Amino acid sequence: MKPALRCAVVGDPIAHSLSPVMHRAAYRQLGVEGRYDALRVPAGALAEALAPGGPGAELTGVSVTMPLKAEALALAAEADELSRRLGVANTLLRPAPGEPWRAENHDVAGIVTALTEGGVTTPRSALLWGSGATAHSAVAALLELGVTQLWVGARSPERAAEVIAGAQRDGVDARGVPWSAPLPPGEVDVVVSALAAPGAQALLGILDGVPGGWLLPAPVLFDVLYHPWPTPLAAHAAHQGVQVISGLEMLLHQAGRQVERMTGHGPAPLTAMRAAALAELQARAGHAAGTT
């Protein structure tokens, strides 16, 4: 008899992750026998966590979040072309405990689907905020959608330079832009914020100080964050009449691909997964309101 599936999401912090409720909802819908947990794994500890004797020793599927996406790729014996090209992976798979890992990147597909379903189908230019692993995936997604001109802004000029260099290697006309000098309205087709919450708050504080206020340089903002919603950046964009796409859509679609790869069943029940995620977010909002 085939043992029950054991998968998990790893990262630090991890308590906020919606992956468990989404994957568990998919298992129920698909009739998959298995469990999906959340494991807090700090930077530098992924190999130890998945090794024999570690808390993830019995896992055969792992969803990888910050700050472990580069470690996931380094740990794997093989990887898909996208993970190798970007240097980051958000998925680890193996046929059984003790077997070698395979790394895959499904963040790019999640971003592409989120943007296209939001109506961003033929962008030619974009502004990207951020320089972490998700920013690298965002560049690949924008390239896939046809972007040929890219501006990148980040708190760390050195890390922004890495994103710019990667985009240039892929044939994109990529340049840096300081946070304190936002692009004028109408300059680009879409803005993508791949910033974590502290970076997004810092950016908002800087841009709010621009004389006369500031306007997003595009008709669409895709914010990889999703909780609490709307994020400060999303609220500002909506107030300006800009269309906003939530990071929940990226999370949903990359999780759907992970479910299919980890379970061998599909298609992933995206409707049930989205409903589970929204219910969890609503429950968290209600809990927060009750404790204030």
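The exercises below concern a predicted model of one protein chain, and each is followed by a worked solution.

Residues are numbered from 1 along each chain as its sequence is written. Local features need pLDDT of at least 70 and side-chain atom pairs count only at pLDDT 80 or more, while totals for chains, interfaces and linings use all residues, and side-chain values use heavy atoms, with hydrogens and water left out.

**Exercise 1. The whole chain**

Determine how many helices and strands the protein chain has, and whether its radius of gyration fits the globule rule.

Solution. Helices (H or I, at least four residues) and strands (E, at least two) are DSSP runs, numbered from the N terminus. The protein chain has eleven helices and twelve strands. Its radius of gyration is 19 Å, close to the 19 Å of the globule rule for 292 residues, so the chain is as compact as a globular protein of that length. Here the radius is taken over C-alpha atoms, and the rule is 2.2 Å times the number of residues to the power 0.38. The C-alpha trace spans about 65 × 45 × 30 Å along its principal axes.

**Exercise 2. Burial and contacts**

State what share of the residues is buried, and what share of the contacts with a separation of 6 or more joins residues 24 or more positions apart.

Solution. Buried means under 20% relative accessible area, exposed over 50%, and partly exposed in between (1.4 Å probe, protein chains only). By this criterion, 53% of the 292 residues count as buried. A contact means heavy atoms within 4.5 Å. Of the contacts with a separation of 6 or more, 70% are between residues 24 or more positions apart.

**Exercise 3. Helix α5 and its surroundings**

Explain why helix α5 is described as largely enclosed, and identify a residue of another helix that touches Gly110.

Solution. Helix α5 covers residues 107–117, and nine of its eleven residues are buried, so the rest of the structure largely encloses it. Among the buried residues are Asp107, Gly110 and Leu115. After α5 comes Gly119, with a positive phi near 95°. Glu249, in helix α10 (residues 247–263), touches Gly110, Ala114, Glu117 and Arg274, when residues up to four places away in sequence are not counted. The side chain of Glu249 also makes a polar contact with that of Arg274 at 2.8 Å. A polar contact is a pair of N or O atoms within 3.5 Å; within protein, one must be able to donate a hydrogen and the other to accept it, and residues adjacent in sequence count only if both atoms are side-chain atoms.

**Exercise 4. Two loop residues**

Locate Asp80 and Asn105, and decide whether each is buried or exposed.

Solution. Asp80 lies in the loop between β4 (78–79) and α4 (81–86), and its relative accessibility of 14% makes it buried. Asn105 is in the loop between β6 (102–104) and α5; this residue is buried at 4%. Asp80 and Asn105 are in contact. The side chain of Asn105 has a polar atom 3.0 Å from the backbone nitrogen of Asp107, and makes a polar contact with the side chain of Ser137 at 3.3 Å.

**Exercise 5. Cis peptide bonds**

Find where the prolines of the cis bonds His227–Pro228 and Gly266–Pro267 are placed.

Solution. The bond joining His227 and Pro228 has an omega of about -5°, and Pro228 is in the loop between β11 (220–223) and α9 (232–239). For the bond from Gly266 to Pro267, omega is near 0°; Pro267 is in the loop between α10 and α11 (270–290).
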